[in-house]
Amino acid sequence: MSTESAAAENESGARPDTDPAAAASAEAEPVSADGAGAAASEAGAGTGDAEARGPEAGSAGTDGAEDREPEAATAGADDAEALEGPADGAEESAEGAEASDAGAGPDEDDAEAASEDGAADDAEAASEGGGEKGTEVSEAEAELAAQREFRERIAERKAAKEGPIDAGTKLSGTAADLLAAVRAVESGEKPVAAPVLARPEPEPRRDAPAASPAEPVRRPQAAAQAGPDPDAVDSVRAVLVEGGAPESLAGAAAAALGEGAGDELRADPWQLLRVSGVRPEQADGFARELLGAECGPDDERRGRAVTVWLLEQAANAGHTALDLPVLAEALGKQGVPDAEEAVQSAVAEGDALIFHDPLEDAPAPAPTSEEDGEAEEAERPVRVLVGLERYALAEESLADGLARLLNAAPKDEGSATAGLEEAAAAERGTTAELIRAIAAHRLVLHTGGEAARSEPVAAAAAAGKLGLRVCVAAHGADGRRRAAELLGPDAPETATATVAGLLARAEGPGLDRDGAFALDVLVVLDAPQLDVGDAAMLVELLADGTCLVLSGDPGTLWSAGPGRVFADVAAAEICPRIASRTPDFGPIGELVSGIGIGELNQVEAPGKEVVIVPVRDPAEAIHRTVQLVADSVPRAIGVPAEQTQVITPGHGGAAGTRALNVALKERLNPGPGRFGGFDPGDRAVYVTGRGRIRPGVVVGADAEGLRLECDGAPVLVPKEQVEQGAVRHGWAVTGHQAVGIRWPAAVVVLPGDATQALSRPWVYTAFGRGERHLSVVHGVDAALPRAVAEIPAKPRTTRLRNLVRAQVPGT
């Protein structure tokens, strides 16, 4: 799940919850403020007020469809008595909302999206090393190598396809015809274009194909990844200069277009759209400079490139495909005169694929009668989708892998199963249910909040005690650390991993001789953060008979990458789903639990666990935030500044991460920024991939790059990555960056220009990041309770649910 507005474009290099039309056209609609009221009282917000304010949380929520009056206990002013004074302050009502955008301008947003998460990938391909030594690779580089290997294997399978194709693992029907058209183009023949809206003949439902032996997967080599060829970069640079484009794009363009990039860019200037951060109007200007009078909006090359660009934007917003009418509408907004021709061109070039998915919820059509009296089956209604090839193949591969796990027999039906039944009898509640499910099923879903994380870990520990090979994988290093603490000191290091480290084979148990994970049970925490690419690779590496437990909190933000794997598997109803009955305790747990059901309730916080600080404008929001982090929280709560995390909706805006980090650095670690804007002692986050960060502290820099300490380990970030924005100051992060991580104290900043970025999943995620204390710098008035009550996560267009249900009998 994720934020709802363009303010979140910079949050993870993606806008995961934007609806398909808005994602495709890259336009955000403002959220209107329904209901006006008085602004928050200035009594607790004015400077110089030494009166102590009560620490109670503001309340606002829903009772059915009716909003309740929000109540906010205000925090004191400049002196810090907001956290230290007695609970005798007046309650403040806050109604009304602002609808201004919280993000930066469109160009800045795109550039930041490119420099934040995309920068790490691009720079790792260009850098000469990613570890402390030349013979080592970083976690991000190893993961990239694993991803490339996975894509190569899919490409090899695809190239070997001949004849009819079974559903799930491979493509059939229209998609197969389209691939045939692609091969015809590659061979120099003119493909036969079929109408985009043509419907396929109804196909009978098929069971999953028999499982095949796992393919060996080799550990990525430790050699540094080479960047683009210098000659290719020079060639691209010359074309860019000729077309009036920035020379700084040369490296990224050469990496994106590959061999012969300069010639390809000259022949088709709109290929510049393949470089992250470039928009159609910029590519149009570049094309006009190169092509002159030949350039026009009806150019086939432009239509094809804009189609691919729109599908990329949709993927950044979380969609694995777009409905054809939505894509056509977006193409029209970009000035493409013939949307169907543009889509056909993209399909013929192999950039996109078309799918006809049956509409599950549509009423069954009545059979038609022929003259001879025999009834003929009516044509099933279908949904025409268009998607990028790599995401289509990833969803197909994931669906096939899940079906393979479900249809496989357990590895050992004897002593291990009996032992698990005995272990379940010794446990209570949800943990016992999980252990029994692991004994009987190969795929299990588990849902619950923070306190419920202990249940799948306990189930894994019980399996491990029986001699089964187990591993618990989390989204990030903090989740892995917490899982290791739950498993206890006797658990081997290979019993825990991050998902990225597991995929890179840098963490966890490694591979067996058949090329699969040497595991009997794999528990994935933070499962809602799995995108289709990571999930497909993970399932691909599981041997038949391995039990996969996907555990997570469905109320949190969804993955930064495309897809909604956890939600789709749950909606498919193909496996047991065990809901935890363990509540999150304490004032913060009570507050967050209410948010999860759409209610922003008042909670009792006798230990100042929750404090609301109303502010009038972004400048005051920054002032209060610095005061809380540097003074109030350390004195009143006992949590030092280095263990307090600031969370805000976006990077841009008057009180986004950039502005907050500048103010926090000036107070907590002032310095000239002699290492590319960083000084020793600065808190930083290293963006290792889309939606993934490694929090750390800057310790120095040299000719090789910036040196950090992350999770107690030294990390070298190559200077190329630093220059491309892979490292940011880390006192303040966005909600997406904070997913899967908890800190002793959290300060959530909600400036008045952030109303569009708020949604129930965002608030749920951000408010749940503090373990002992939560301060809310509240400047959005009634927009906060309205977001909690009325703005759930917007749906994503995906195909996984239908794909996997088609392969599992009885669903």
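How many aromatic pairs does a search of the whole structure find? Zero. Rings of Phe, Tyr and Trp (its six-membered ring) would pair with centres within 6.5 Å.

A word on the source. This is a predicted model, where local features need pLDDT of at least 70 and side-chain atom pairs pLDDT 80 or more, while totals for chains, interfaces and linings use all residues. Residues are numbered from 1 along each chain as its sequence is written, and side-chain values use heavy atoms, without hydrogens and water.

Now the sheet. Five strands, ordered β16-β25-β24-β17-β23, make an open sheet with parallel pairing. Strands are DSSP runs of E, at least two residues, helices runs of H or I, at least four, numbered from the N terminus; pairing takes at least two DSSP bridges. At the edges are β16 (610–614) and β23 (732–734), each paired on one side only. From one strand to the next, the twist averages 25°. Strands β17 (residues 644–648) and β24 (residues 743–750) are joined by four bridges; Val-646 has Val-747 in β24 as its bridge partner. Helix α26 (residues 760–767) packs on the sheet and touches β17, β24 and β25 (770–778), contact being heavy atoms within 4.5 Å. The direction of α26 makes about 145° with that of β24; angles run from 0 to 180 degrees between N-to-C directions, and axes are lines fitted to C-alpha atoms, for helices over the stretch in contact.

Last, a helix pair. α13 (residues 389–407) and α28 (residues 800–807) pack at about 35°, axes 9 Å apart. Residues in the contact include Leu-398 and Leu-402 in α13, and Leu-803 and Val-804 in α28.

Notes: Rings of Phe, Tyr and Trp (its six-membered ring) pair if their centres lie within 6.5 Å; planes under 30 degrees apart count as stacked, over 60 as edge-to-face and the rest as tilted.
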